[in-house]
Number of protein chains: 2
Amino acid sequence: MGRTSDARERILDSSRRLMRTRGYTALGVAEICADAGVKKGSFYHFFDSKQALTIEAVGEQWAEERGALQAAVTDADGPVDRLRALVARLVGTQRADHGESGAIHGCLYGNLALELSGQEPEVRRRLAEVFDDQVAMIARLIAEAQEAELVGRGTGAQALARSMVAQIEGTVLLARVRNDPALLDEVWPSAERLLGVA
Amino acid sequence: MGRTSDARERILDSSRRLMRTRGYTALGVAEICADAGVKKGSFYHFFDSKQALTIEAVGEQWAEERGALQAAVTDADGPVDRLRALVARLVGTQRADHGESGAIHGCLYGNLALELSGQEPEVRRRLAEVFDDQVAMIARLIAEAQEAELVGRGTGAQALARSMVAQIEGTVLLARVRNDPALLDEVWPSAERLLGVA
């Protein structure tokens with residue numbers, strides 16, 4: 001397994017990093033292979049196409065991020081604090097980008113969602129699944145907070161979770177276009193208003 | 001003026017429509033020219049590059065949309081209704097897309113913002129100006145509503161307007177990726193919660 005599985009992982013790692021900063025269309029297989037230090041023939045041994053790679057890369061990215069979000073949430077105390085920790089973790093990635101490279105690269109799923117959609121229906125479907133999973137994760141925390149009467153019950157947990165994900169994606173978009181990480185500080189206060197935090 | 005200015009307008013119209021559905025990188029000058037029925041030489045008579053065209057196309061799109069938003073707002077009664085009319089107008093474009101083509105194409109500025117950014121700094125700057133202008137327009141309506149005590153005063157009008165634009169862009173992103181226009185119905189209820197509508 002050693003070397004081959006290593007090449008596969010390197011291709012996935014390179015594509016996750018490069019696709020977030022450069023987008024899907026602008027990024028070619030040759031560039032991914034060069035970055036990963038892998039021959040083109042090797043690429044096609046593991047993946048049928050850039051589309052197939054992207055679907056796997058999105059899945060791997062989300063599996064990793066999902067774990068990190070769950071860890072962040074576990075450390076927090078009480079349902080509202082868990083929501084705050086989750087937002088801090090999501091937004092922290094963007095802030096870290098800016099600290100390292102001077103640019104906000106955005107969210108891989110959001111970037112791909114707005115660049116593609118019509119062109120690559122299978123990638124779009126995978127992205128929709130990731131967003132659904134993210135919404136479900138947040139909805140569970142919101143339902144707990146509603147149960148504890150810390151968050152308003154006027155709107156269902158699922159709809160509130162969708163509005164939180166929309167708020168995060170939209171704010172990252174504005175922060176990216178203005179290259180201004182300070183905008184990211186507004187996500188949690190906005191989330192508190194959306195949720196009607198007591 | 002007749003024919004030449006006509007060719008220029010046709011190039012701008014084609015690029016605005018095609019770029020919203022296909023993105024920036026995937027769209028070539030040849031395709032824009034074919035759609036506009038204009039020769040490539042003619043394109044370069046009017047525009048230095050695809051980048052230069054995009055900056056003008058974004059400006060023209062916003063000038064037109066700005067007028068339509070202002071008209072929608074003028075017809076409404078009272079500051080909260082003006083905000084609701086503005087949201088309905090912005091979201092209505094996406095709903096109309098879905099009705100006509102079966103797909104939600106998203107917002108030209110949002111799509112370009114997440115596809116580009118690092119690659120085309122001048123396009124990014126133009127997009128940032130459009131978003132700033134959009135935020136300023138909404139902030140004026142919010143300030144009026146705050147003045148009339150119809151909207152909470154706990155957060156400044158500018159920050160509230162940014163959170164509204166983020167909510168709209170984020171919801172359009174989710175609606176696009178799920179190709180589900182029903183999500184667009186959630187924008188106004190979310191905006192009411194963000195604003196603390198009395």
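## Burial and one exposed residue

A residue counts as exposed if 12 or fewer other C-beta atoms lie within 10 Å of its own, and as buried if there are 20 or more. Keep that in mind for this predicted model. A:Asp6 has 12 other C-beta atoms within 10 Å, so A:Asp6 is exposed. Across chain A, 45% of the 198 residues count as buried.

A:Asp6 sits in helix H1 of chain A. Pair A:Asp6 with A:Ala148 and you get 142 residues of separation in sequence and 47 Å in space, going C-alpha to C-alpha.

## The fold of chain A

What is chain A built from, in helices and strands? Nine helices and zero strands. Reading from the N terminus, the order of elements is simply α-α-α-α-α-α-α-α-α.

On overall dimensions, the C-alpha atoms of chain A fill a box of roughly 60 × 35 × 35 Å along the principal axes. The radius of gyration is 18 Å, which agrees with the value near 16 Å for a compact globule of 198 residues. As for contacts with a separation of 6 or more in chain A, 63% come from residues 24 or more positions apart.

## Two domains

Chain A splits into domain 1, covering 1–47, and domain 2, covering 50–195. Their C-alpha centres in chain A are 26 Å apart. Where they touch, domain 1 of chain A puts in twelve residues and domain 2 of chain A puts in 15.

On the domain 1 side of that contact, helix H1 (residues 2–22) of chain A gives the most, with seven residues. By type, the domain 1 side breaks down into six nonpolar, four polar and two charged residues.

## How the chains pair up

Chain B lands on chain A after a rotation of 180° with 0.0 Å of shift along the axis, at an RMSD of 0.0 Å. The two copies are thus related as by a two-fold rotation axis.

The contact between the chains takes 41 residues from chain B and 41 from chain A. On the chain B side, the elements giving two or more residues are helix H6 (108–115), helix H7 (121–147), helix H8 (157–178) and helix H9 (187–195) of chain B. Which of these gives the most? That's H8(B), with 15 residues. The mix on the chain B side is 17 nonpolar, 16 polar and eight charged.

Why do the copies meet through the same surface? Because 100% of the interface residues of chain B are also interface residues in chain A.

Note on methods: Residues numbered from 1 in each chain as written. Chains lettered and ligands numbered in written order. Predicted model: local features only at pLDDT ≥ 70, side-chain atom pairs only at ≥ 80, totals over all residues. Least-squares fit on C-alpha atoms with pLDDT ≥ 70 in both. Contact = placed C-beta atoms within 7 Å. Domains from an automatic or database assignment. Helix = DSSP H or I, 4+ residues; strand = E, 2+ residues; numbered from the N terminus. Nonpolar A, V, L, I, M, F, W, Y, C, P; charged D, E, K, R; others polar. Rg over C-alpha atoms; globule rule 2.2 N^0.38 Å.
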